[in-house]
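User: I am new to this structure and would like a close look at a single part, the largest pocket. Please describe what lines the pocket, and then how the other spaces and the nonpolar cores are made up.

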Amino acid sequence: MAAPSAAQRIVIENAAIATVDAHDTEYASGHLVVAGNRIESLGAGKAPENLENVVRRIDATGHLITPGLVNTHHHFYQWITRGLATDHNLFDWLVALYPTWARIDEQMVRVAAQGSLAMMARGGVTTAMDHHYVFPRGSGDLSGAIIGAASEMGVRFTLARGSMDRSEKDGGLPPDFAVETTEGALAATEETVKKHHDASFDSMTQVAVAPCSPFSISTELLREGAALGRRLGVRMHTHGSETVEEEKFCHELFGMGPTDYFESTGFLGEDVWMAHCVHMNDSDIAAFARTKTGVAHCPSSNARLAAGIARVPDMLKAGVPVGLGVDGTASNESGELHTELRNALLINRLGAHRESALNARQALRLGTYGGAQVLGRADNIGSLEAGKLADFVLWKIDGLGHSSIADPVTAIVFGAAAPVTASFVNGKQIVENNRLLTVDEDTIARDARTEAQRLARIAAQG
């Protein structure tokens, strides 16, 4: 899968490089050569001489190059409901916000997706995902709006097409008018996969089957969703083991805990990843390791909703694939993934393993290669290696916030959020000096405020 020899090349030199490859190879001062949309070569010292078709040279002195960050769990639509229900646990928070969320429409979702993507992209995210599960009747083409926003921004993207069919009348949490029928949800999900999913090596858009959570979906939707995902050859995603309330709910309704329930429906496997996984016992972790089920760890959201501390060190030791997630910005108002590197490390050190829970390089791996594993794309993104897609970030580490930290990886994980001098996706630059090149941030900010106010008015009218 090497790049064509005639491809235009970008040469970057004089940077510290953390490849996050299988050997954690690093270069104190090295080079990276991009040919087309692929990484052609990298290594210590200067780039090879006499390279043809070099269209740009970058002196990256004072920078660390890493793989682009990979976000594995998010809810873009929540960008326009930030700052609400700030002192609630998960169940109370959902009950408070579902009536508002159930009134979203296509314009709101498009603008919210733009805001969510912009915040992540300018902070080093090159691959994003969105778990969208609220589809009010008559609200328009929400999946198309989300995918369009990602395409416009130039970010690699996975849409986890969510669904809910268990409403209040069936013992679930969403209002009755906020859910789909089981048959309708499955049909719409299949249509979305067939219309938008690209399974190619270079793919910019992929789609996953993603029923929402045990307390908002029927067992039939979960079981049939797993069957649909495998028939179509795409990945599956849902929320799992997020709170003690969810565990109690599963025991009362299904007579078993969340992990056993998921396994009974076929919703564990190497083609599945689960958000949160906070309340996992040894048996649960062993089941995830045995089935190679992935985890999207969302430390800030877990703290914001007082859900608890996920056992990430134990998961990693058992061989469970783990990536990082922002989660929806109604439970993580910052919306940034690069701050999750630091939060994952610090919060996990409050757990049983204390100072040995995670180190800086493990945190960086969670946010890059671990995320690529979880999304099923570790063969083409997540590490800096010849032949992989050219998704990478130049972090400025010679400024006030980082210059006195000798180790570059420690600087970006333990230190303040490092400025992004440049971010590349598929060989194309999308960020320069912390500003997006593909869209206008000020316009997005204005539009987001307008749509947030419109949604608040509609929700207030009932």
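Analyst: Helix 14 contributes 9 residues to the lining of the largest pocket, the most of any element. The model is a predicted one. In total, 19 residues line this pocket, and those nearest its centre are W79, R82, A445, A448 and R449. Two elements each supply two or more lining residues: helix 2, which covers 106-121, and helix 14, which covers 441-461. The space in the largest pocket comes to about 450 Å³. Sorted by class, its lining holds 11 nonpolar residues, 5 charged ones and 3 polar ones.

The second largest pocket has a volume of about 230 Å³. Its lining is made of 18 residues, with H197, Q206, R235, L375 and G376 lying nearest the centre. Here strand 9, residues 205-211, gives the most, with 3 residues. Nonpolar and polar residues number 7 each in this lining, and 4 residues are charged.

Besides the pockets, there are 3 cavities of 30 Å³ or more in the structure. The largest cavity has a volume of about 120 Å³. Around this cavity stand 18 lining residues, of which L90, W93, L94, Y133 and H239 are nearest its centre. Helix 1, residues 90-101, provides the largest share of that lining, namely 4 residues. By class, the lining of the largest cavity contains 8 nonpolar, 8 polar and 2 charged residues.

W93 leads on to the nonpolar cores. Along with W101, M153 and M315, W93 is among the residues with the most contacts inside the largest nonpolar core, which has 111 residues. Helix 2 gives the most to this core, with 10 residues. Helix 2 is also one of the elements that give two or more residues to the lining of the largest pocket.

W101 can be followed further through its contacts. Leaving aside residues up to four places away in sequence, W101 touches Y77, Q78, T81, W93, L94, Y133, V134, P136 and A330. Among these partners, W93, L94 and Y133 also appear with the residues nearest the centre of the largest cavity. A separate core, apart from the largest one, has 17 residues, including I17, I58, A390 and F424.

To return to the part asked about, the lining of the largest pocket draws most on helix 14, and A445, A448 and R449 are among the residues nearest the centre of that pocket.

Definitions and conventions
Residues numbered from 1 in each chain as written. Predicted model: local features only at pLDDT ≥ 70, side-chain atom pairs only at ≥ 80, totals over all residues. Heavy atoms only, no water. 1 Å grid on protein atoms, 1.4 Å probe; cavity = no way out; pocket = protein on both sides within 12 Å on 5 of 7 lines; lining within 4 Å. Points joined across faces, edges and corners; volume = space filled by probe spheres on them. Nonpolar A, V, L, I, M, F, W, Y, C, P; charged D, E, K, R; others polar. Core = buried A, V, L, I, M, F, W, Y, C linked by side-chain atoms within 4.5 Å. Buried < 20%, exposed > 50% of the residue type's maximum accessible area, 1.4 Å probe, protein only. Contact = heavy atoms within 4.5 Å.
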